[in-house]
Amino acid sequence: MGDWPALDAFLRTDPADVGCEQALAMLHVYAELVDAAGGAEDRFPGVAAHLRACGPCADDFDGLLAAVRSAP
Amino acid sequence: MPWSAEDDQDWLRALRGSGAAHEEALGTLHALLVRVARTEVHRRSARLRLAGPELDDLAHQAAADAMVAILGKLETFRGESRFTTWVYRFVIFEVSSKVGRHFWRNPTVPMDKESWDLLPDRFGLEPTREAEWRDLADAVRRAVDTELTPRQRQVFVAIVLNGVPLDTMVTELGSSRNAIYKTMFDVRRKLRAHLVTNGYLNGDVGGEGS
């Protein structure tokens, strides 16, 4: 039995993960909390778990956060 | 005096209303969406293999589609965030969706060819340690063949082996991101359970949490 961290990390799933639909529905709220250092992960642990595992949703979040931070 | 929004209520009043303030609010919103869309397509441009006018065209299409969606859903704005953050979400999603469709129309990788030779690279299995991971790689392949449904296998091959973006599979299969993600979630659970049960990976069979 070996130690294969990349494969192990990919295969691990988090039961708290809420999936794309719920995460994207709250993404605007989550982004503002992250921007304000307002405890986003504590308030929305399922969204945080999802963004750690889903590349496309994390990419959308990065874009949204960048937009929030560049707002005039 | 030109229209400007001091707060969310100004936006909602003007967008729901009519006359000069309504028209100015529409123009201001469109300009905002185009600015965010342009920034977003440029942020993703390295993966897009698009440049110049094509990128700008994609940004304008995303902004226009976001505008339609926003105006159709104004009544669903609940004030949980600033109005502008809420509208940014629409345009980011439009860019994301259009990028997925762009890859689907202009594929750089095959959808269904089974590139098993790329598996070691996908999971950081170094050639110098092949003697150690060869059995593991064979076990992954066996698990894919025996444990997954045809749909799960198709999604695994496209996304993991061939590197097809998840959003491109959404277009390819006429599905939703949530459904494809759920398929991959189940694939990950099944493969991990098989590999742990058969002694190829350490840890609990559930593999949940980190």
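Which residue follows helix 10 of chain B, and what is the sign of its phi? Helix 10 of chain B is followed by Gly199(B), which has a positive phi, near 80°. The model is predicted, with local features requiring pLDDT of at least 70 and side-chain atom pairs counted only at pLDDT 80 or more, whereas totals for chains, interfaces and linings use all residues. Residues are numbered from 1 along each chain as its sequence is written, and chains are lettered from A and ligands numbered from 1 in the order in which they are written.

Chain B contains ten helices and zero strands, where helices (H or I, at least four residues) and strands (E, at least two) are DSSP runs numbered from the N terminus. The radius of gyration of chain B, taken over C-alpha atoms, is 23 Å, well over the 17 Å that the globule rule (2.2 Å times the number of residues to the power 0.38) gives for 210 residues, so the chain is more spread out than a compact globule. Along its principal axes, the C-alpha trace of chain B spans about 75 × 35 × 30 Å.

Helix 10 of chain B has 21 residues, which should span 30 Å at 1.5 Å a residue (1.5 Å times one less than the number of residues); the end C-alpha atoms are 30 Å apart, in agreement. Buried residues of this helix include Ile180(B), Met184(B), Val187(B) and Leu191(B); a residue is buried if 20 or more other C-beta atoms, placed from the backbone, lie within 10 Å of its own. Seen down the helix axis, the buried residues of helix 10 fall within an arc of 160° (from the directions of axis to C-beta atoms), so they line one face of the helix. They pack against helix 1 (5-11), helix 2 (19-25) and helix 6 (55-69) of chain A, together with helix 7, helix 8 (150-161) and helix 9 of chain B.

The contact between the chains takes 40 residues from chain B and 32 residues from chain A, two residues being in contact if their C-beta atoms, placed from the backbone, lie within 7 Å. Helix 10 of chain B gives the most to the side of chain B that touches chain A, with nine residues.

The largest nonpolar core, a set of buried Ala, Val, Leu, Ile, Met, Phe, Trp, Tyr and Cys residues joined through C-beta atoms within 7 Å, has 81 residues. Among those with the most contacts inside this core are Ala23(A), Tyr30(A), Leu33(B) and Val91(B). Helix 5 of chain B contributes the largest share, eleven residues.

Methods: Buried ≥ 20, exposed ≤ 12 C-beta atoms within 10 Å, placed from the backbone.
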